[in-house]
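Please prepare a brief report on this model. Cover its cysteines, one buried acidic residue, the nonpolar core and the unusual backbone angles.

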Amino acid sequence: RRLSEAREWEQSEEAVRRGAERFAAAGVPVPDAVTVGIFLGNPDRLAHCRGYTGVGSIPGYIQIFIAPNDYNVKRIAACAAHELHHNVLFHGAWWSFMEEVTVARYLTLEGLAESFAESLYGPGALGPWVTGISDADLRKARGLLRGKLGVQGFGAVSPFLYGDHPMLPPEKAIGMPYCGGYAAGYHAVQAYMQKTGKSVEEITGMDGNAVMEASGYFD
């Protein structure tokens with residue numbers, strides 16, 4: 001009932017259509033069709049991310065898991081836009097995510113996705129994986145990432161992105177704050193955009209290794 005009242009289906013459809021139009025206008029290829037699934041989530045298991053999260057790494061499919069509350073029902077469109085960016089990036093990706101992903105590439109893809117959502121819905125739509133980190137924890141994340149941008153392979157890279165997150169087994173923890181890599185990736189992409197004047201769409205097809213190196217954020 002709460003999802004229906006918040007027009008979540010309409011919000012997510014609008015986000016996908018608006019996002020696809022932006023990419024099409026920039027000449028960036030998009031999947032032929034996108035199927036969006038919105039699933040009710042367990043509020044206890046989603047408490048770390050304020051009751052919502054998404055998956056969009058398989059082109060043509062977006063999954064959103066949500067335990068509706070006053071905070072997240074206002075951000076469903078931004079979440080869909082974030083996941084749409086993943087759809088588009090992986091639709092055109094020439095590298096293998098599991099094997100060839102590096103810390104730099106993962107930082108870039110998450111930073112771009114959140115920057116894309118912000119470009120459509122404003123800074124108030126940024127997710128808790130960016131806004132929920134303190135300045136001190138962001139500095140800590142930045143320090144942990146410095147010199148590690150070339151680490152490769154999903155198993156080795158994930159601790160640098162997720163931090164203290166349910167997806168990361170405790171034995172793999174490196175002291176990274178929760179979603180510290182997500183927040184750092186967003187700020188690094190923003191730094192690159194400010195330095196170069198390029199839009200999210202222009203950067204989407206670039207190699208994330210080059211984007212992070214040129215951003216200067218970790219110098």
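The report below takes these topics in turn.

**Cysteines**

This is a predicted model. It holds zero disulfides. Cys49 is in none, and its nearest cysteine sulfur belongs to Cys179, 7.9 Å away. Cys179 is likewise in no disulfide; for this residue the nearest cysteine sulfur is that of Cys49, at 7.9 Å. A disulfide needs the two sulfur atoms within 2.5 Å. At 7.9 Å, Cys49 and Cys179 therefore do not count as a disulfide. In general, such a link is a covalent bond between the sulfur atoms of two cysteines.

Cys49 is counted as buried because its relative accessibility is 3%. Cys179 is buried too, with a relative accessible area of 3%.

**Positive phi angles**

Two residues other than glycine have a positive phi. The table gives the angle and the loop for each.

| Residue | Phi | Loop |
|---|---|---|
| Arg50 | near 55° | between β1 (35-40) and β2 (52-55) |
| Cys179 | about 55° | between α8 (154-162) and α9 (180-196) |

Arg50 is partly exposed, at a relative accessible area of 44%. Cys179, by contrast, is buried at 3%.

**A buried glutamate**

Glu83 sits in helix α3, which spans residues 76-92. Is Glu83 paired in a salt bridge, or without one? Glu83 is buried and has no salt bridge. Arg75 carries the nearest side chain of opposite charge, 14 Å away. A salt bridge would need a side-chain nitrogen within 4 Å of a carboxyl oxygen.

The Glu83 side chain does have a polar neighbour. One of its polar atoms lies 2.8 Å from the backbone nitrogen of Gly56. Leaving out residues up to four places away in sequence, Glu83 touches Gly54, Val55, Gly56 and Ile62. Gly56 thus appears both in the list of touched residues and in the 2.8 Å approach.

**Nonpolar core**

How many residues does the largest nonpolar core have? The count is 66. The residues with the most contacts inside this core are Tyr106, Leu107, Leu145, Leu161, Met212 and Phe218. Helix α3 supplies the largest share of the core, 10 residues. As a general rule, nonpolar side chains in soluble globular proteins tend to be buried together.

Leu107 shows some of this packing. Neighbours within four places in sequence aside, Leu107 is in contact with Leu145, Leu149, Leu161, Met212 and Phe218, among others. Two glycines, Gly181 and Gly185, also touch Leu107.

Notes. Residues numbered from 1 in each chain as written. Predicted model: local features only at pLDDT ≥ 70, side-chain atom pairs only at ≥ 80, totals over all residues. Heavy atoms only, no water. Buried < 20%, exposed > 50% of the residue type's maximum accessible area, 1.4 Å probe, protein only. Helix = DSSP H or I, 4+ residues; strand = E, 2+ residues; numbered from the N terminus. Lys, Arg positive; Asp, Glu negative; His and termini not counted. Polar contact = N/O pair within 3.5 Å; in protein donor to acceptor, adjacent residues only side chain to side chain. Contact = heavy atoms within 4.5 Å. Core = buried A, V, L, I, M, F, W, Y, C linked by side-chain atoms within 4.5 Å.
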